[in-house]
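Trainee: I should like to learn how to read the architecture of a model such as the one shown here. May we begin with overall dimensions and then proceed to the finer features?

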Amino acid sequence: MTQFRFEVFNKADSVDVGGRNVLADIKELGIETVLDVQSARVFLIEGQFDDQFAKRIGGELLADPVCEDFHIGKTVPQAGLAKATIVEIHLKSGVTDPVAESVMTAIDDMGQKCQNVRTARKYVLFGEINDKQLKKIVRRLSNDCIEVVVIGAETEPPSPHLAPYQFNLKTIELLNLNEQQLVELSKKMDLFLNAVEMKTIQDYFKSVRREPTDIELEALAQTWSEHCVHKTLKSSVDFEFDGKEIHFDNLIKDTVFGATKQLNKDWCISVFKDNAGVIEFDDKDAICFKVETHNHPSALDPYGGAATGIGGVLRDPMGTGLGAKPIANTDIFCFAEPDKSFDEIPRGVLHPKRVAKGVVAGVRDYGNRMGIPTVNGAIFFDDRYLGNPLVFCGNVGIMPRDKCFGKTSTGELVMVVGGKTGRDGIHGATFSSGAMTHEHETVFSHAVQIGNAITEKKTLDTLLQARELGLYTAITDCGAGGLSSAVGEMGAELGAEVELSKVPLKYAGLSYTEIWISEAQERMVIAVKPENLEQISKIFADENVEATVIGKFTDDKKLTLKYQGTQVGQIDMDFLHDGLPKYSRKAKWSPPENLSEPAIETKENYNDDLVKILSSYNVASKEWIIRQYDHEVQGGSVIKPLGGITNDGPNDAAVVQPKFDSDKGIAIGCGMNPLYGDIDPYWMAMAGIDEAIRNVVCVGARPDRIAILDNFCWADCKKEETLGSLVRAAQACFDGAVAFGTPFISGKDSLNNNFICDDGTEIAIPATLLISAMGIVDDVKKCVTADLKTAGNILFAVGLTRNELGGSHYYKIKKQLGANVPKVDLRTAKLTAEKIYKAIDTGLIASCHDCSEGGLAVALAEMAFSGGLGIAADLKGLPKTDDCASLTAQLFSESCSRYIVEVKPEKFNDFAKLMLGVPFGQIGQVIDIKKLIIKDSSGKNIVESEIADLKNAWLKPLKW
Amino acid sequence: MTQVNAIVLRAAGINCDMETQHALQLSGAKAERIHVNRIIENPEILESFQILVIPGGFSYGDDVAAGKILANQMIHHLSDRLNKFIEDGKLVLGICNGFQVLVKTGILGKVDDNSKQQITITNNDCGKFEDRWVYLEPSSRKCIFIEQGRRIYLPIAHGEGKVLFENNDVFEKIKTDDRVVFRYVDENGNFGDFPINPNGSTDSIAAFCDSTGRVMGLMPHPERFVRNTQHPHWTRLEDKTRADGRTIFDNAVRYVQQNF
């Protein structure tokens, strides 16, 4: 067998996009001495073929005949040119390499077999660089967790060959350990279990009178991890606030779930039970929604972490009921501000711009390949996300109403479908349940998972065919906890027996425990009746999808694990799922001290402030990101993330029409305001609910058919104050959901988002609650957008503007926090949403925009430049409270429940009649002159700007 | 009237097959989505269809290069069948990834029958994936898929859409043979750099056809604009004319009805 090395590079006259992008990255690092970068793709192919055939592989398969050349062997830059440094980046052995798999298939199509293919990236850097600079460059271009860097022409890449696994059953001495030893054992094995949990496990094994095996401890650690079981939110909490003590038996059940239970909506099909929450769509179909976080992996490997974030959340709808078809993605990120020097970055942390770019690329590559439009999102910048960036990925799916529930029965087969199992993602669930430290980068690199979207796409395609034919009875995804969680959950009521040596592996060398807890991507588990096995296997085989029976569901209520016929573990299902000790925690919260409203200077005009807010990172256009996502695939995007006359203005929510033969749609929006949480997490959560609902109502969703999701991302909740702020937010979730009549249908939390630097200092994220909303739109043809439509139309502000600049973006640009956080008047908020919906439904509204970040002035500016029209506005007509006399508050206060709407003059009376009962006022009109003019109540212009200037200020900051 | 049968090719990573099938059905065709494995097993299937559409997506992940692995598979398993399909006077349409596949199989990728691939589609000049709407000015008189004089508006969504010719002779030959179908322009029909020409394509070329005019590939997605509410700012438009993407499918269906 011969190994051929191919290098593929651009011809001299064609653009080397890869090299150019890397050169730009290097310049971004502040290294100016690198003058040029040449990129090449490297393929290492082992096969029994001759040179002639190798040349064919190079010319016909690997290199583009028009714009690329190839070379068999190593190329070295010509001597005499500038100093050249060769950097080659290889994948670590065992890391998924989708391109290699495709090349093997393609060589097979060409009529020859090859044994092994590996790919690498090669860069030749021209120019003088010292070792320190090279190190910096290498760190930027590669990721330690998954890649190996080879420098210079002489060095050889790592060997791909792994040693085979020798079976050796491992028993762990547990029964005779004391408490301290138990804790040490937990630490040594990276179980992330505490003393009480270890003790409970010890008691269990004492009762069955034997020492546990490693796989049993690992399975318990995973099932009981914070990530999988959410023990903090399910614990009983004694909460101290405002001099009172409140007791919750089960925090999440008493708040978030409690609201849903109390509302008891008949259109909710499945809430908080399955992988995603399910509601009715129409007579035939249901829709489901799930939002997950993938924070810890994205901190280590932004690209891979975010890609597997989206890949993972897609498997939630795919694993809900009998499987939904994903129809829309959402992505919300929290990063530190991107303009930082490298000196400000703690060890073990990636530069926020690199994180941002990597995360976006990961979501792009996975989402686009899956053919699912990414339609809604948001980005929030705050330096407290430096060590723990947050990556929320959501997915909406559709499924027939008679496929919303699955049920396993004794005797059915356990089948794993999709990706093969490798060593990737081992300990992902447990690792993400702890705090991040500067050492995580090296210690937990194996927790990073690598995705292959096409494997997932093939799996989805075939599963939907099998679902239509009713060939399986239950399905779930292999998410955090891998097979351990998936089979454990599906067999919880019955029992299951699994033969681990049957699980298809990516490569040799995995132990039985690694197979069981691997979090390798793109795997689903289904329950198949033996009589359907042949038919379902053919569906998978026909489209080259891996599907293997690995066990069966039993009736002994035990999880039994075997390897090559030998029993390696057995745990009672009851203990596995219900044995976790119940926790009680203490929490307290009191308002931060020393909050006050800053003194505000009165100004002649506020043009500069408006421009500053528009160009602040949180408000500025996210076009650079949005355009990298395919937001139109599937042909259902009715309201896209960008709109307006030049397709680059903001929209409040996305609307997708999932069925070709029906005009019914789904509006998708979100709300998140971490700054308010610095003042009061209760009102932060409430504002998030109000904003998410407002966003979907703005485009035309029915307020009585909105379902919401919660994603709590908090820092270390072992601290009473931190947990207390979470309790405050959870209380608001209950109050808000009940008041709006808007049930929570699914949620997820990610705690311990604090980073411990090598000097011991801690960076804790701000309390961050993401509320995602999905609302039914009866007729998408009635939807409205935020861009102004016609000069001469009248503008109204609906909802009361209050003196609520606390946590606002106006204060943020002034580096202030303030004290007056926006509060929600729940009765009016609901009524206003209903009236706005009614006005949209009856065709009274030409455009509608949510008034949120940056307040009234920003909302007006966005509507104007998005529609390419001007506004003459007058604060005299603004509905406001008596204490809202200051112009800054009127312009920039972020009071909730407010909408700006454009109404045709002939609809004035009908609109005004409809709005009776909620605060509203005429604040101006749309004009032909391309200016935003806002007058104070005495008629003086306090804002007067060209809309083009405002738009540029808004477009530019994130145009990377 | 002739029953128009269209096949929408499926393969690992193809992801625009449903909406492409829908667009063909709107235009009156009976459209079936069939996996490439089924066609390789039984190429006779092709006999009963008059239109073959290779839709958009990321076939085999666009590994190695966009469309390359599927093109390689088709060259080695279906070459003769596809040539016969075209010789029989039938229609082939490649959209986005399908266009890349047609170019890389050589079906659209050359001007001399016996040569290797002479035209390619490669990385956008802007270096990244772009989703945006573009205006397309029709040009070819022989291409049966288009309407003369009708400038259309469609979305693109690709990272590799730059059409590149091996040399000037190939480029000239494509032009003199009237094979350039659409060029990227602005709303008034003027050429320009990014974003008007979103990928840096030679001569702003967005689509071209073979010498028969019955095989066309285009980077934009006509199947994403077959209803008015798919327009990116339909809420601003009073005029509810036929959605531009429909024209491509309508013309294909009409051609089959008139010629078979």
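Mentor: We begin with chain B, in what is a predicted model. For its 260 residues, a compact globule would have a radius of gyration near 18 Å, and chain B has 17 Å, so the two values agree. The C-alpha trace of chain B spans about 50 × 45 × 35 Å along its principal axes. Its secondary structure amounts to 6 helices and 11 strands.

Trainee: What radius of gyration does chain A have, and what would a compact globule with 960 residues have?

Mentor: Chain A has 29 Å, whereas a compact globule with 960 residues would have a value near 30 Å; the chain therefore agrees with the rule. Its C-alpha trace extends about 85 × 75 × 60 Å along the principal axes. Chain A contains 32 helices and 40 strands.

Trainee: Into which domains is chain A divided?

Mentor: The division gives domain 1 (2-151), domain 2 (178-205) and domain 3 (784-955). Taken over C-alpha atoms, the centres of domain 1 and domain 2 of chain A are 47 Å apart.

Trainee: How should I read the packing of two helices, and what is the case for H13(A) and H17(A)?

Mentor: Two packed helices are described by the angle between their axes and by the distance between those axes. In chain A, helix H13 (residues 302-318) and helix H17 (residues 453-468) pack at about 5°, and their axes lie 12 Å apart. Angles under 35 degrees count as roughly parallel, and H13(A) and H17(A) are therefore roughly parallel to each other.

Trainee: Which residues of H13(A) and H17(A) meet?

Mentor: From H13(A) come Gly311(A), Leu314(A), Arg315(A) and Met318(A); from H17(A) come Glu456(A), Leu460(A) and Leu463(A). Sorted by class, this contact has 4 nonpolar, 1 polar and 2 charged residues.

Trainee: Let us turn to sheets. What is the strand order of the open sheet of 7 strands in chain A, and which strands stand at its edges?

Mentor: The order in chain A is S17-S19-S15-S20-S18-S21-S22, and the pairing is mixed. Strand S17 (474-477) and strand S22 (566-572) stand at the edges with a single partner strand each, so one side of each has no neighbour in the sheet. On average, neighbouring strands of this sheet are turned by 25° against each other, direction ignored. At the S22 end, strand S21 (residues 558-563) of chain A runs antiparallel to S22(A), and 6 bridges join them. One such pairing places Leu561(A) with Gly569(A) as its bridge partner in S22(A). Helix H7 (residues 214-223) of chain A packs on the sheet, where it touches S21 and S22; the helix direction makes about 35° with that of S22(A).

Trainee: How is the open sheet of 6 strands in chain A ordered?

Mentor: Its order is S24-S27-S28-S33-S29-S30, again with mixed pairing. Strand S24 (637-639) and strand S30 (744-750) of chain A are the edge strands, each pairing on one side only. Neighbouring strands here are turned by 20° on average, direction ignored. Helix H26 (residues 720-740) of chain A packs on this sheet and touches strand S29 (706-713), S30 and strand S33 (768-777); its direction makes about 180° with that of S29(A). Within the sheet, strand S27 (residues 654-656) and strand S28 (residues 665-671) of chain A pair in the antiparallel sense over 3 bridges, and Val655(A) stands opposite Ala667(A) in S28(A).

Trainee: What should I expect of side chains along a strand, and to which strands do bridges join S1(A)?

Mentor: In a regular strand, side chains alternate between the two faces of the sheet. Strand S1 (residues 2-10) of chain A is joined by 8 bridges to strand S2 (residues 36-47), and the two run antiparallel. Thr2(A) has Gly47(A) as its bridge partner in S2(A). S1(A) also runs antiparallel to strand S3 (residues 68-72) of chain A, with 5 bridges between them; there Phe9(A) stands opposite Asp69(A).

Trainee: Finally, which backbone details concern Glu522(A) and Pro195(B)?

Mentor: Glu522(A) has a positive phi of about 60° although it is not a glycine. Glu522(A) lies in the loop between helix H19 (512-517) and strand S19 (523-528) of chain A. In chain B, the peptide bond from Phe194(B) to Pro195(B) is cis, with omega near 0°. Pro195(B) is found in the loop between strand S9 (180-185) and strand S10 (205-209) of chain B.

Key:
Residues are numbered from 1 along each chain as its sequence is written. Chains are lettered from A and ligands numbered from 1 in the order in which they are written. This is a predicted model: local features need pLDDT of at least 70, side-chain atom pairs count only at pLDDT 80 or more; totals for chains, interfaces and linings use all residues. Side-chain values use heavy atoms; hydrogens and water are left out. Axes are lines fitted to C-alpha atoms, for helices over the stretch in contact, and angles run from 0 to 180 degrees between N-to-C directions. Helices (H or I, at least four residues) and strands (E, at least two) are DSSP runs, numbered from the N terminus. Angles under 35 degrees count as roughly parallel, over 145 as roughly antiparallel, 65 to 115 as roughly perpendicular and the rest as oblique. Contact means heavy atoms within 4.5 Å. Ala, Val, Leu, Ile, Met, Phe, Trp, Tyr, Cys and Pro count as nonpolar, Asp, Glu, Lys and Arg as charged, and the others, Gly among them, as polar. Two strands pair if DSSP finds at least two bridges between them. Domain bounds come from an automatic or database domain assignment. The radius of gyration is taken over C-alpha atoms; the globule rule is 2.2 Å times the number of residues to the power 0.38.
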